[in-house]
Amino acid sequence: MPSISMLSTTIDTPSVCKCPRIAASWTMTMDSNFPPPLNNKKKKEVSVQLSSSTPPVPSRVETLRFCDLHFDRLQPSDQELDQHNRFEFGQFVARQAFLDEEYWTAAWLRAESQWEDRTYERYVDHYKRNFADEEFNAIKKRCRVQNGESCTCIITVRKEKKNVKRSILKSVVGTLDLNIRYLLQGEKFPGERVKAPPFCSINRTPSSRYGYIANLCVAKSARRQGIASNMLYFAVESAKSIAGVARVYVHVDRNNRPAQILYQNLGFEIVEMANSLLLNDQTYLLHLQT
């Protein structure tokens with residue numbers, strides 16, 4: 001599978017998903033360095049060595065309430081989690097994020113993806129850290145249900161192994177957001193009403209409900225192993241079975257050919273009517289009828 005950097009996405013769905021279920025089998029170790037915030041409280045039963053090259057913590061860290069995060073915390077066991085809404089493939093499991101430490105690790109993966117090709121820039125670690133801090137708060141805010149719309153942070157973690165204890169930092173290798181939204185009155189697809197009135201009403205009928213996928217990224221050390229495809233499959237199935245939507249949307253950069261192939265292999269098609277509207281953004285709007 002090609003390397004996939006952070007993707008922007010949109011969704012809408014209820015029908016039978018035509019996505020192929022992708023099987024994978026492999027063993028690997030992750031070497032990404034996740035710098036934890038300050039005030040890290042270590043637990044006695046766990047010992048995790050963090051990289052000495054950890055970027056400096058931003059001065060506003062106290063506003064993020066990181067003092068409650070424990071970055072030596074072990075990944076929850078299967079017995080502690082909901083066994084129903086999860087998808088196992090190879091050595092990995094795709095599921096919803098539950099813990100704040102999982103949200104922050106997902107935010108850091110997105111920061112690494114955002115600046116992946118800009119490591120030569122000065123202060124890049126500082127920018128990545130600021131981005132991760134802001135994205136952590138943004139994820140928590142988005143995941144609160146508002147006006148019937150919702151957002152779920154989906155992560156992929158290494159499958160639990162007998163007698164192997166991993167920290168959350170070493171377990172999370174992929175992430176994306178699954179949003180459930182409604183079209184505006186008069187829209188046929190998300191964003192069609194570019195100049196919609198400020199108080200344009202939302203069409204809250206079942207047929208206008210859709211799924212939107214965003215912020216897909218995989219740890220650099222864990223790519224080309226089916227994580228992105230299987231995580232997408234799980235997101236689409238969740239949108240269909242749990243939220244009951246019939247369409248799923250996603251925005252993809254016009255120059256990101258590997259990402260376009262990834263989505264098209266799962267059955268996504270370009271929304272031709274949206275092309276002219278997205279010329280300035282240099283993106284395609286893709287959709288999947290589930």
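How many bridges pair β2 with β3, and in which sense do the two strands run? Keep that in mind as you move through this predicted model.

**Start with the whole chain**

Show the protein chain as a cartoon. There are five helices and eight strands. Trace the chain along its sequence, and the elements come in the pattern β-β-α-α-β-α-β-β-α-β-α-β-β. The chain has 290 residues, and 52% of them count as buried. Take the contacts with a separation of 6 or more: residues 24 or more positions apart account for 78% of them.

**Colour the sheet**

Now select the strands. Eight of them form an open sheet. Its order is β1-β2-β3-β4-β5-β6-β8-β7, and the pairing is mixed. Find the edges next. β1 (86–89) stands at one edge and β7 (269–270) at another, each with a single partner strand, so one side of each has no neighbour in the sheet.

Add helix α1, residues 100–114. This helix packs on the sheet and touches β2, β3, β4 (172–182) and β5 (209–218). Compare directions: α1 and β4 make an angle of about 100 degrees.

**Zoom in on β1, β2 and β3**

Select β1 and β2 together. They run antiparallel and are joined by four bridges. One pair to pick out is Phe 89 and its bridge partner in β2, Phe 92. The two strands form a hairpin, with two residues between them. Click on Gly 90 in the turn: its phi is positive, at about 55 degrees.

Stay on β2. This strand is mostly covered, with four of its five residues buried. Now bring in β3 for the opening question. β2 and β3 pair in the antiparallel sense, over five bridges. Show Arg 95 as sticks, and look across to β3, where Ile 155 stands opposite.

**Cross to β7 and β8**

Select β7 and strand β8, residues 283–289. Their pairing is antiparallel, over two bridges. Pick Glu 269, then find its bridge partner in β8, His 287.

Next, step along β8 itself. Thr 283 is in this strand. Is Thr 283 buried or exposed? Buried means under 20% relative accessible area. Thr 283 has 16% relative accessibility, so this residue counts as buried. Leave out the neighbours within four places in sequence, and Thr 283 is in contact with His 251, Val 252, Asp 253, Arg 254 and Leu 278.

Tyr 284 is in β8 too. Its relative accessibility is 19%, so Tyr 284 counts as buried. Measure from Tyr 284 to His 251, C-alpha to C-alpha: the distance is 5.6 Å, although the two are 33 residues apart in sequence. Beyond its neighbours within four places, Tyr 284 has contacts that include Val 250, Gln 260, Ile 270 and Asn 275.

**Finish at a pocket**

Which residues lie nearest the centre of the second largest pocket? Select Gln 75, Pro 76, Ser 77, Glu 160 and Val 164. They belong to a lining of 20 residues. Two elements give two or more residues to that lining: β2 (92–96) and β3 (150–158). The pocket holds about 290 Å³ of space.

Last, colour the lining by class. Ten residues are charged, six are nonpolar and four are polar.

Terms used. Residues are numbered from 1 along each chain as its sequence is written. This is a predicted model: local features need pLDDT of at least 70, side-chain atom pairs count only at pLDDT 80 or more; totals for chains, interfaces and linings use all residues. Side-chain values use heavy atoms; hydrogens and water are left out. On a 1 Å grid over the protein atoms alone, a cavity is a set of points where a 1.4 Å probe fits but cannot get out, and a pocket is an open set with protein on both sides within 12 Å along at least five of seven lines; lining residues have an atom within 4 Å of a point. Grid points are joined across faces, edges and corners, and a volume is the space filled by probe spheres set on the points. Ala, Val, Leu, Ile, Met, Phe, Trp, Tyr, Cys and Pro count as nonpolar, Asp, Glu, Lys and Arg as charged, and the others, Gly among them, as polar. Two strands pair if DSSP finds at least two bridges between them. Contact means heavy atoms within 4.5 Å. Axes are lines fitted to C-alpha atoms, for helices over the stretch in contact, and angles run from 0 to 180 degrees between N-to-C directions. Buried means under 20% relative accessible area, exposed over 50%, partly exposed in between (1.4 Å probe, protein chains only).
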